[in-house]
Amino acid sequence: MSAPWSKPLDIDRLADGRTDVDFAVPLAELPKLRAQFASVAGSVDGRVRFEREVGVPVAELKMSGIARLTCQRCLDAMDVVVDRTVRVGMIKAEADVGRVPEDLEPMLAPEGRISVGQLVEEELLLALPIVPLHDDSAACGVASSPPSADEQEPLTTQKPFERLNELLKRK
Ligand SMILES: [Zn+2]
């Protein structure tokens, strides 16, 4: 796989050069997303701006696009809109986490290298629902039966004290 977004980048060099990197990433090619979701397709594109803040290399990641996942209720496809900007402070070892300014998300970049694909992947793992479900019951294939049947059930259940009274009367 030799797509530009999959190449590990030297973050110190990019931060010092205040470099912008444009990208377009097909989500089906991100291994952690594939492991997390039953199916994943769609793509995001955007730009990473590298810079340095109090000595820490920072990536400002802007991405937008559509993630196509599988609804875990009806098993039909569902699209999740991705539109996200985050600022990530990159560290070479977990011990350096205290160096990352508080308004930044810390991210590990072993040996000072990370690919745009890894940045996008980590952010999507945070942004996307762990269990994808259609928000809208009209869009969800399973919700074709009237939802009232289930929802009314709690109203018809007896209150515990009334039942207790009945039991006492029987004695
Ligand atoms: Zn659904």
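User: How many of the residues of the protein chain count as buried, as a percentage?

Analyst: In this predicted model, 32% of the 171 residues of the protein chain count as buried. A residue is placed in that class if its relative accessible area is under 20%.

User: What elements make up the protein chain, and in which order do they run?

Analyst: The protein chain holds five helices and seven strands. Read from the N terminus, the elements follow the order β-α-β-α-β-β-β-β-β-α-α-α. Of the contacts with a separation of 6 or more, 59% join residues 24 or more positions apart.

User: Why is the site of the zinc ion called tetrahedral?

Analyst: Four donors count as tetrahedral if all angles lie between 85 and 135 degrees. The angles among the four donor atoms of the zinc ion are 102 to 119°, so the criterion of 85 to 135 degrees is met. For reference, the ideal angle for four tetrahedral donors is 109.5 degrees.

User: What makes particular atoms the donors of the zinc ion, and which are they?

Analyst: A donor here is an N, O or S atom within 2.8 Å of the metal. The zinc ion is coordinated by SG of Cys71, SG of Cys74, ND1 of His134 and SG of Cys140, at 2.0 to 2.4 Å; these distances therefore satisfy the cut-off of 2.8 Å. Along the chain, the donors have the spacing C-x2-C-x59-H-x5-C.

User: Are the donor residues His134 and Cys140 buried or exposed, and how do you know?

Analyst: Buried means under 20% relative accessible area. His134 has 11% relative accessibility and therefore counts as buried. Cys140 is buried as well, because its relative accessible area is 3%.

User: Why is Leu75 called exposed, and where does it lie?

Analyst: The class "exposed" requires a relative accessible area over 50%. Leu75 has 61% relative accessibility, so it counts as exposed. Leu75 lies in the loop between β4 (56-70) and β5, and its phi is near 65°, a positive value in a residue other than glycine.

User: What can be said of Arg18 in the same terms?

Analyst: Arg18 is not a glycine, yet has a positive phi of about 45°. With 56% relative accessibility, set against the limit of 50%, Arg18 counts as exposed. Its place is in the loop between α1 (11-16) and β2.

User: What makes β2 and β6 edge strands?

Analyst: The open sheet has five strands in the order β2-β3-β4-β5-β6, with mixed pairing. Within it, β2 (20-26) and β6 (105-108) each pair on one side only, and they are the edge strands. The twist averages 30° from one strand to the next.

User: How do you know that β5 and β6 pair?

Analyst: Two strands pair if DSSP finds at least two bridges between them. Strand β5 (residues 77-91) and β6 have four bridges, so they pair, and the sense is parallel. Val88 stands opposite Glu105 in β6.

User: How does the span of α3 stand against the expected value?

Analyst: Helix α3 has twelve residues and reaches 16 Å from its first C-alpha to its last. That is close to the 16 Å expected at 1.5 Å a residue. Its buried residues are Val116, Gly117, Leu119, Val120, Glu121, Glu123 and Leu124.

User: Why is Glu123 called buried, while Leu126 is called exposed?

Analyst: Glu123, in helix α3 (residues 116-127), has a relative accessible area of 1% and is therefore buried. Leu126 is found in helix α3 too, but has a relative accessible area of 55% and so is exposed. Leaving out residues up to four places away in sequence, Glu123 touches Leu61, Met63, Arg84, Val86, Val88, Glu105 and Met107. On that basis Leu126 touches Arg84 and Glu105.

User: What makes Val40 buried, and where is it found?

Analyst: Val40 is found in the loop between α2 (31-36) and β3 (41-53). Its relative accessible area is 11%, under the limit of 20%, so Val40 is buried. Apart from its neighbours within four places in sequence, Val40 is in contact with Leu27, Ala28, Leu33, Arg34, Arg68 and Leu69. From C-alpha to C-alpha, Val40 and Ala77 are 9.3 Å apart in space and 37 residues apart in sequence.

Conventions:
Residues are numbered from 1 along each chain as its sequence is written. This is a predicted model: local features need pLDDT of at least 70, side-chain atom pairs count only at pLDDT 80 or more; totals for chains, interfaces and linings use all residues. Side-chain values use heavy atoms; hydrogens and water are left out. Donors are N, O and S atoms within 2.8 Å of the metal (3.2 Å for Na, K and Ca); water is not among the atoms, so sites may look incomplete. Four donors count as tetrahedral if all angles lie between 85 and 135 degrees; four count as square planar and six as octahedral if opposite donors are over 155 degrees apart and all others between 65 and 115; anything else is irregular. Buried means under 20% relative accessible area, exposed over 50%, partly exposed in between (1.4 Å probe, protein chains only). Helices (H or I, at least four residues) and strands (E, at least two) are DSSP runs, numbered from the N terminus. Contact means heavy atoms within 4.5 Å. Axes are lines fitted to C-alpha atoms, for helices over the stretch in contact, and angles run from 0 to 180 degrees between N-to-C directions. The expected span of a helix is 1.5 Å times one less than its number of residues.
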